[in-house]
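This report goes through one protein model, beginning with its cysteines and moving on to its core, sheet, metal site and aromatic rings. Please keep the sequence and the structure in view while reading.

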Amino acid sequence: MPLAKPVTPTRVFMGRLAHGDDLLEALVRICGAQGITAGRVDAIGAVRMARLAFYDQAEREYRYFELDRPLEITKLMGNISLRDGRPMVHAHVTLSDRDGSAFGGHLAEGTIVFACEYVIEAFAGADFVREYDVATGLALWT
Ligand code: ZN
């Protein structure tokens, strides 16, 4: 059975990250500061460099890679839930270069903001807690 639990949008935060922020860490910090334990996030902007990951399904581990150059954030989308009692932002991002070529993946720490505008929507209602999933090797919602 697919998992489906109702949530209610409660608060929306719109803002800008600081030049030089770590993109993922900054989003997590906002969630911690605002007490957000469930929600969603989207953002656009640009990064000085990116560190992304691809989940190797056969080996069951993330393969990290770096794009060490300026890129546009054409789309960041993600969700917010709890892992080990703390807010976790799970985000995927598509980035583009000066030719319009796009790259994408699972956003990892080490992606450095040039400029970034975000919207975070907080939800109330059901708990979303990540725990180890035997079938995938990932920390998924239970
Ligand atoms: Zn992911």
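Which cysteine sulfur is closest to the sulfur of Cys 116, and at what distance does it lie? The structure is a predicted model, and in it the closest cysteine sulfur to that of Cys 116 belongs to Cys 31, at 13 Å, which is too far for a bond. Seen from the other side, the sulfur of Cys 31 has its closest cysteine sulfur in Cys 116. A disulfide would need the two sulfur atoms within 2.5 Å, and a search of the whole structure accordingly finds zero disulfides. Cys 31 is buried, with a relative accessible area of 1%, and Cys 116 is likewise buried, with a relative accessible area of 1%.

**The nonpolar core**

In soluble globular proteins, nonpolar side chains tend to be buried together. The largest nonpolar core of this model holds 29 residues, of which Leu 17, Leu 23, Leu 27, Leu 76, Leu 95 and Ile 120 touch the most other members. Two or more residues are given to this core by each of β1 (7-17), α1 (23-34), β2 (39-56), β4 (71-83), β5 (86-96) and β7 (112-125). The element that gives the most is α1, with six residues.

Leu 23 shows how such a position connects separate stretches of the chain: once its neighbours within four places in sequence are left aside, Leu 23 is in contact with Leu 17, Val 47, Ile 73, Leu 76, Leu 107, Thr 111, Val 113 and Cys 116. Two of these contacts, Leu 17 and Leu 76, are themselves among the core residues that touch the most other members.

**Strand pairing around β4**

Strand β4 pairs with β2 through eight bridges, and the two strands run antiparallel. Within that region Ala 43 stands opposite Leu 76 of β4. Strand β4 also pairs with β5, again antiparallel, here through eleven bridges, and Ile 73 has Leu 95 in β5 as its bridge partner. The connection between β4 and β5 is a hairpin with two residues between the strands, and Asp 84 in the turn has a positive phi of about 55 degrees.

**The zinc site**

Which residues supply the protein donors of the zinc ion? They are His 90 and His 92, each through NE2, together with His 106 through ND1, and they lie 2.0 to 2.1 Å from the ion. Along the chain these donors follow the spacing H-x1-H-x13-H. The pair of His 92 in strand β5 and His 106 in strand β6 (residues 102-107) links distant parts of the chain, the two being 14 residues apart. Their surroundings can be set against each other, since His 92 is partly exposed, with a relative accessible area of 41%, whereas His 106 counts as buried at 14% relative accessibility.

Strand β6 also contains Gly 105, which is buried, with a relative accessible area of 18%. Not counting residues up to four places away in sequence, Gly 105 touches Leu 52, Ala 53, Ala 91, His 92 and Val 93, so that one of the zinc donors is included in its contacts. The C-alpha atom of Gly 105 is separated by 6.0 Å from that of Phe 54, although the two residues are 51 apart along the chain.

**Aromatic pairs**

A pair of aromatic rings is described by the distance of the centres and the angle of the planes. The structure holds three aromatic pairs, two of which are set out here.

| Pair | Centre to centre | Angle between planes | Geometry |
|---|---|---|---|
| Tyr 62 and Tyr 64 | 6.2 Å | 45 degrees | tilted |
| Phe 128 and Trp 141 | 4.9 Å | 70 degrees | edge-to-face |

Phe 128, in the loop between β7 and β8 (130-132), and Trp 141, in strand β9 (residues 139-141), are 13 residues apart, and their pair links distant parts of the chain. Phe 128 counts as buried at 12% relative accessibility, while Trp 141 is partly exposed, with a relative accessible area of 32%. In the tilted pair, Tyr 62 counts as partly exposed at 29% relative accessibility, and Tyr 64 is partly exposed as well, with a relative accessible area of 45%. Tyr 62 and Tyr 64 form one aromatic cluster together with Tyr 55.

Key: Residues are numbered from 1 along each chain as its sequence is written. This is a predicted model: local features need pLDDT of at least 70, side-chain atom pairs count only at pLDDT 80 or more; totals for chains, interfaces and linings use all residues. Side-chain values use heavy atoms; hydrogens and water are left out. A nonpolar core is a set of buried Ala, Val, Leu, Ile, Met, Phe, Trp, Tyr and Cys residues joined through side-chain atoms within 4.5 Å. Buried means under 20% relative accessible area, exposed over 50%, partly exposed in between (1.4 Å probe, protein chains only). Helices (H or I, at least four residues) and strands (E, at least two) are DSSP runs, numbered from the N terminus. Contact means heavy atoms within 4.5 Å. Donors are N, O and S atoms within 2.8 Å of the metal (3.2 Å for Na, K and Ca); water is not among the atoms, so sites may look incomplete. Two strands pair if DSSP finds at least two bridges between them. Rings of Phe, Tyr and Trp (its six-membered ring) pair if their centres lie within 6.5 Å; planes under 30 degrees apart count as stacked, over 60 as edge-to-face and the rest as tilted.
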